[in-house]
Amino acid sequence: MVNLPRTTDDRWDTGNESGDGTADEWTLEQAAAVGSTAEPQEKKEPKYANVIDWVNGFFLPVIRRRISDNDGGLSWDARWWAYPEVVARLAALHQAWEEARASDSMSAMSAWWIQHLEPHLKVILDGDTGPMANAKADRSFMGWPALPADPVPSNVFDKILDQYN
């Protein structure tokens, strides 16, 4: 039986100071020495150099949905690159995908699908309110206009920066 080093965290202390009586228990110094001899992890290079390569190499071949050419349902425009919000969301998905791919966690990619892809995909493909809603096969729709905004007054500008920086 292999004995793991005892933690110094009291939450797991069973009150048994003598351990299990075996001679092969580790001391904290031994455990620290083993941890310090581990070789540093090599940083994995990204698989895709940029969002365009990732969209063409991973996203488009893997993500498959039934797209409708009428109001409602799911909307997609092959000119995804013409929609700033779609580009920004796909770039964020690419970065998170590369991070999950490089992770040592065996569940990192599953978390990427659930925590990153699914929420973004719901917005990107939303045929009612998404950035490509109204996209038609004839390519007559070029996206919604930018949201209107008045200039931020200088006294409010400073308050916002102070509060969030």
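**Exercise 1. Asp77**

Classify Asp77 in this predicted model as buried or exposed, then describe its surroundings.

*Solution.*
Step 1. Take the relative accessible area of Asp77, which is 3%. The cut-off for buried is under 20%. Asp77 is therefore buried.
Step 2. Place the residue. Asp77 sits in the loop between H2 and H3.
Step 3. Look for a polar partner. The side chains of Asp77 and Tyr83 share a polar contact of 2.5 Å.
Step 4. List the neighbours, leaving out residues up to four places away in sequence. Asp77 touches Tyr83, Met132, Ala135 and Phe141. Tyr83 thus appears both as a touching residue and as the polar partner.

**Exercise 2. Helices H2 and H4**

Determine how H2 and H4 are oriented to each other, and which residues meet.

*Solution.*
Step 1. Identify the helices. H2 spans residues 51-62 and H4 spans residues 108-124.
Step 2. Read the geometry. The two pack at an angle of about 85°, and their axes are 14 Å apart.
Step 3. Apply the range. Angles of 65 to 115 degrees count as roughly perpendicular. H2 and H4 are therefore roughly perpendicular to each other.
Step 4. Name the contacts. H2 contributes Trp54, Phe58, Phe59 and Val62. From H4 come Trp112, Trp113, Leu117 and Leu121.
Step 5. Sort by class. The contact of H2 with H4 holds eight nonpolar residues, with no polar and no charged ones.

**Exercise 3. The rings around Trp54**

Classify the aromatic pairs that Trp54 forms with Phe59 and with Trp97.

*Solution.*
Step 1. Set the scale. The whole structure contains ten aromatic pairs.
Step 2. Take Trp54 and Phe59. Their ring centres lie 5.7 Å apart and their planes meet at 40°, so this pair is tilted.
Step 3. Check exposure. Trp54 has 0% relative accessibility and so counts as buried. Phe59, at 3%, counts as buried too.
Step 4. Take Trp54 and Trp97. The distance is 6.5 Å centre to centre, with 55° between the planes. This pair is tilted.
Step 5. Locate the partners. Trp54 belongs to helix H2 and Trp97 to helix H3 (residues 84-102), so the pair ties together parts that are 43 residues apart in sequence. Trp97 has 6% relative accessibility and therefore counts as buried.

**Exercise 4. The aromatic cluster**

Which residues form one aromatic cluster with Trp54?

*Solution.*
Step 1. Collect the members. Tyr48, Phe58, Phe59, Trp76, Trp97, Trp112 and Trp113 join Trp54 in one cluster.
Step 2. Compare with the helix contact. Trp54, Phe58 and Phe59 of H2 also meet H4. Trp112 and Trp113 are among the H4 residues there.

Notes: Residues numbered from 1 in each chain as written. Predicted model: local features only at pLDDT ≥ 70, side-chain atom pairs only at ≥ 80, totals over all residues. Heavy atoms only, no water. Axes fitted to C-alpha atoms, helices over the stretch in contact; angles between N-to-C directions. Helix = DSSP H or I, 4+ residues; strand = E, 2+ residues; numbered from the N terminus. Parallel < 35°, antiparallel > 145°, perpendicular 65-115°, else oblique. Contact = heavy atoms within 4.5 Å. Nonpolar A, V, L, I, M, F, W, Y, C, P; charged D, E, K, R; others polar. Phe/Tyr/Trp six-rings, centres within 6.5 Å; stacked < 30°, edge-to-face > 60°. Buried < 20%, exposed > 50% of the residue type's maximum accessible area, 1.4 Å probe, protein only. Polar contact = N/O pair within 3.5 Å; in protein donor to acceptor, adjacent residues only side chain to side chain.
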